[in-house]
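Trainee: I'm new to this structure and would like a close look at a single part of it. Could you walk me through it at an easy pace?

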Number of protein chains: 2
Amino acid sequence: MDFGEKIKALREKKDLLQRQLAAELQIDTPMFSKIERGERRAKKEQVLLLVKLLDTTEEELLPIWLADQVYDLLKDEKFGLASLEIAERKLKDN
Amino acid sequence: MDFGEKIKALREKKDLLQRQLAAELQIDTPMFSKIERGERRAKKEQVLLLVKLLDTTEEELLPIWLADQVYDLLKDEKFGLASLEIAERKLKDN
DNA sequence: CTTAATATTGTCATTATTTGACAAGTCAAT
DNA sequence: ATTGACTTGTCAAATAATGACAATATTAAG
């Protein structure tokens, strides 16, 4: 499940409309729709707002939001998995 | 070893000057210097050229170049490692 | 079926980020 | 002191990301 699917599920669980969340994020409904479908990416600031609006936690949203970005970066790359291993080592080091 | 360190090592092994490689990449020496020190990022097209110019392989350069980008994305993130796990699963799926 | 509400699509302007060139600087070896 | 190799700082140009708006499609209700 990617970030868009996740916030859509949470939104529907709370019976909220796109336009309500969009208003809170101060963007228009089309923009929110695009974020939900993964056509546009939410900014971190917006993700943090969504954590509150959707009654969830950073731990629930941030990793999946970051993972989308990593995936976008590597999805067409022959050496995508290899590069993940390297990045993981570097992350663990510091 | 990050991408910059890698190409610097290869460059010195071949006794090449920054200005020689910069000329081949059609950028100026300061720009090449910045790439070597990781202050700027090489474009993929430039990485592929460097593979040839430095007598190495894509397998040697691309993963480390991609890993730098993943690392940049996650280095200050609390959930960096968690997001790597998610991204890895998605990559393996397709 | 027709309307009304919700969500999506397409396009364009604005803004932010990235890339590169240039001028000036440091450092080391003569 | 001069030369050659590299680095630093700043600015302009190119590119990508963000958002608003208009129009369209989809769904639900009466």
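Trainee: Let's take helix H1 of chain B: which residues are exposed on the other side of H1(B)?

Mentor: Happy to help! Please keep in mind that this is a predicted model. The exposed residues on that other side of H1(B) are Ala9(B), Glu12(B) and Lys13(B).

To see what "other side" refers to, turn to the buried residues of the helix. In H1(B), these include Phe3(B), Gly4(B) and Ile7(B). Around the axis they span an arc of only 100°, so they sit on the same side of H1(B). There is a general reason behind such a pattern. An α-helix has 3.6 residues a turn, so residues three or four places apart point the same way. The cover over the buried residues of H1(B) includes H3, H4 and H5 of chain B. Just after the helix comes Asp15(B), which takes a positive phi of about 55°.

Since H4 is part of that cover, let's visit it next. Helix H4 of chain B runs over residues 44–53, and in it Gln46(B), Val47(B) and Leu50(B) are buried. These residues cover an arc of only 100° around the axis, which means they lie on the same side of H4(B). On the other side of H4(B) you will find Lys44(B), Glu45(B) and Lys52(B), which are exposed. Looking back the other way, the cover over the buried residues of H4(B) includes helix H1 (3–13), H2 and helix H5 (58–74) of chain B. So H1(B) and H4(B) appear in each other's cover. Here, too, a residue with positive phi comes after the helix: Asp55(B) follows H4(B), with phi near 55°.

Now step back to how the two chains fit together. A turn of 180° and a shift of 0.0 Å along the axis lay chain A on chain B with an RMSD of 0.0 Å. This is the relation of a two-fold axis. In chain A, Val70(A) has the C-alpha nearest that axis, at 3.2 Å. Both copies use the same surface, as 100% of the contact residues of chain A recur in chain B.

How is that contact made up? Chain A contributes 23 residues and chain B contributes 23 residues. On the side of chain A that touches chain B, two or more residues come from each of helix H5 (58–74) and helix H6 (80–93) of chain A. H5(A) has the largest share of that side, with eleven residues. By class, the side of chain A that touches chain B holds 16 nonpolar, three polar and four charged residues.

A few residues help to picture this region. Pro63(A) has its place in helix H5 of chain A. It counts as buried because 22 C-beta neighbours lie inside 10 Å. Apart from residues up to four places away in sequence, Pro63(A) touches Phe79(B), Ala82(B), Ser83(B) and Ile86(B). Pro63(A) and Phe3(A) are 60 residues apart in sequence, yet their C-alpha atoms are 9.0 Å apart in space. Val70(B), with neighbours within four places in sequence left aside, is in contact with Val70(A), Leu73(A), Ser83(A), Leu84(A) and Ala87(A). The largest nonpolar core has 41 residues, and those touching the most other members are Trp65(A), Val70(A), Trp65(B) and Val70(B).

Finally, let's look at the DNA. DNA strand C is surrounded by 16 residues, of which Leu17(A), Gln18(A), Pro30(A), Ser33(A) and Pro30(B) are the closest. Helix H2 (18–25) and H3 of chain A, together with H3 of chain B, are the elements that give two or more residues to this surface. H3(A) gives the most to the surface near DNA strand C, with five residues. Sorted by class, that surface has five nonpolar, three polar and eight charged residues.

DNA strand D has 16 residues around it, and Pro30(A), Leu17(B), Gln18(B), Pro30(B) and Ser33(B) come nearest. Its surface draws at least two residues each from helix H3 (29–36) of chain A and from helix H2 (18–25) and helix H3 (29–36) of chain B. Here H3(B) supplies the largest share, five residues. That brings us back to where we began, as H3 of chain B is also among the elements covering the buried residues of H1(B).

How values were computed: Residues numbered from 1 in each chain as written. Chains lettered and ligands numbered in written order. Predicted model: local features only at pLDDT ≥ 70, side-chain atom pairs only at ≥ 80, totals over all residues. Near = placed C-beta within 6 Å. Helix = DSSP H or I, 4+ residues; strand = E, 2+ residues; numbered from the N terminus. Contact = placed C-beta atoms within 7 Å. Nonpolar A, V, L, I, M, F, W, Y, C, P; charged D, E, K, R; others polar. Buried ≥ 20, exposed ≤ 12 C-beta atoms within 10 Å, placed from the backbone. Arc of directions from axis to C-beta. Least-squares fit on C-alpha atoms with pLDDT ≥ 70 in both. Core = buried A, V, L, I, M, F, W, Y, C linked by C-beta atoms within 7 Å.
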